[in-house]
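Please look through the sequence and the structure shown here before reading on. The report that follows moves from the whole chain to a few chosen residues.

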Amino acid sequence: MHGLALGPGDDADSLDWLRHVPTWKADVLPLDEPWRGSAPARAMLVVMGEGDVVEDELLDASACASASDVARLLGEAVHEVARQAGGYPRRLRVRDGGVAGLLAAELDAHGVDVRVSAMRETERAIRELAALLDEPEVARDLGPVDGWSGLAAEDSAVFVAAAARFWRARPWERLDEREALLARWRGRDSAVVVTPPLGHGHVITVFTHAPDYRDPFGQPEHPVWGVKLTRRERLPRMLRREVEPSLWTVADDGTCCMVLEDAADALPAGDSLRYLAAMLSAVAALAESRAPARRGLCFHDGESGVELRLERDVHRTPWPAMKRARPACAPGPAADPEAALRPARLGAVERG
């Protein structure tokens, strides 16, 4: 359960407002996640009211294989939301006629009229929630760059070719996403983090100024770039208008690449795109070389001119690594580790 959305003006623990909403929507859809490989397919369930997602659940797709399975899952979710809201809606909208019939029989005692609807709103909500699943922490502030007018075709072609090579090399199968590659190119030191695409499709984050990577709480002072894999139909509308979608294709199955940046409305210059292409090519070359990904690795890609180093002590934290752990409470066999947490002790600390 995730419960990401709330009604206007309501706190995180209350769904009281929802009992005054006459129409709810309940839906469950399989997720389109082509990059999860052999991992089990997933589905997502949502209950919505007034355009807000009030209940969501990530499921195995096998759990909702039939209309009866879907009706049971949606029924359980609606009952739970009604319990929290203190009442049922007058109307419930669902996607499928067979599901509607089963739910109507179950919810008739609560005065709920179950009808079939197109469910475009729930489909959009599920797609937006699914985009956040498994998303790496380093990519959460990045947004798609969807303005490419004026960019030279040669620059975009170089980038897409590098992204296609990166996709074929699959470096996330050999590198740990909790570690960063230190990259040097034309005198610039950067930090590169490779992540498995999973459901979100994000495969690489590039901090153009390496020190920006180390502090997760600080605001980067230099650009941060990312590359995400997506379906052709999910490319931003402006991007599809300005550039033929087939030009972004990196695989025969229609997989496309998309550039992300920490300032989503900024237009990437040609040299920035070539810089990102150099990072992609170098990491792909490293994966193709089959060099062991161990501490102290130093790899030079002659084609791009990028030098990569893998240092396992490059941590994304503002605090120095602890050299030796010491107990925070009194030591010894008779010590009470919870003594410092008792109210009397806390009161003494406050008075002191």
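Is Y275 buried or exposed? In this predicted model, Y275 counts as buried because its relative accessibility is 3%, and the cut-off for that word is under 20% relative accessible area.

## The protein as a whole

The secondary structure of the protein comes to eight helices and 13 strands. Of its 352 residues, 45% are buried, while the area that the protein exposes is about 18,700 Å², with carbon and sulfur atoms supplying 49% of that area.

Among the contacts in the protein with a separation of 6 or more, 63% are between residues that stand 24 or more positions apart.

## A leucine before the first strand listed

L15 is found in the segment before β1, which covers residues 23-30. With a relative accessibility of 7%, L15 counts as buried.

If residues up to four places away in sequence are left aside, L15 touches V54, V81, Q84 and A85. One of these partners, V54, is 39 residues from L15 along the chain, and the C-alpha atoms of the two are separated by 8.0 Å.

## Aromatic pairs and a cluster

A pair of aromatic rings is described by the distance of the centres and the angle of the planes. The count for this protein comes to four aromatic pairs. One of them joins W167 and W172, whose rings are 5.8 Å apart from centre to centre, with 35° between the planes, and this pair is tilted. Both partners are buried, W167 with a relative accessible area of 14% and W172 at 9% relative accessibility.

In another pair, the ring centres of W185 and Y275 lie 5.8 Å apart and the planes meet at 40°, so this pair is tilted. Because W185 belongs to strand β7 (residues 181-185) and Y275 to helix α7 (residues 270-289), the pair ties together parts that are 90 residues apart in sequence. W185 is buried, with a relative accessible area of 12%, and Y275, as stated above, is buried at 3%.

Ring pairs also link F166, W167 and W172 into a cluster.

## Charges over rings

Which residue has its charged end over the ring of W167? That residue is R170, whose charged end sits 5.2 Å from the centre of the ring.

The ring of Y275 has a charged partner too, since R188 lies over the face of Y275, at 4.5 Å from the ring centre. Y275 therefore takes part in a tilted pair with W185 and also has R188 over its face.

How values were computed:
Residues are numbered from 1 along each chain as its sequence is written. This is a predicted model: local features need pLDDT of at least 70, side-chain atom pairs count only at pLDDT 80 or more; totals for chains, interfaces and linings use all residues. Side-chain values use heavy atoms; hydrogens and water are left out. Helices (H or I, at least four residues) and strands (E, at least two) are DSSP runs, numbered from the N terminus. Buried means under 20% relative accessible area, exposed over 50%, partly exposed in between (1.4 Å probe, protein chains only). Contact means heavy atoms within 4.5 Å. Accessible areas come from the Shrake-Rupley method with a 1.4 Å probe; for residues, only the protein chains shown count as cover. Rings of Phe, Tyr and Trp (its six-membered ring) pair if their centres lie within 6.5 Å; planes under 30 degrees apart count as stacked, over 60 as edge-to-face and the rest as tilted. A charge sits over a ring if NZ of Lys or CZ of Arg is within 6 Å of the ring centre and within 35 degrees of the ring normal.
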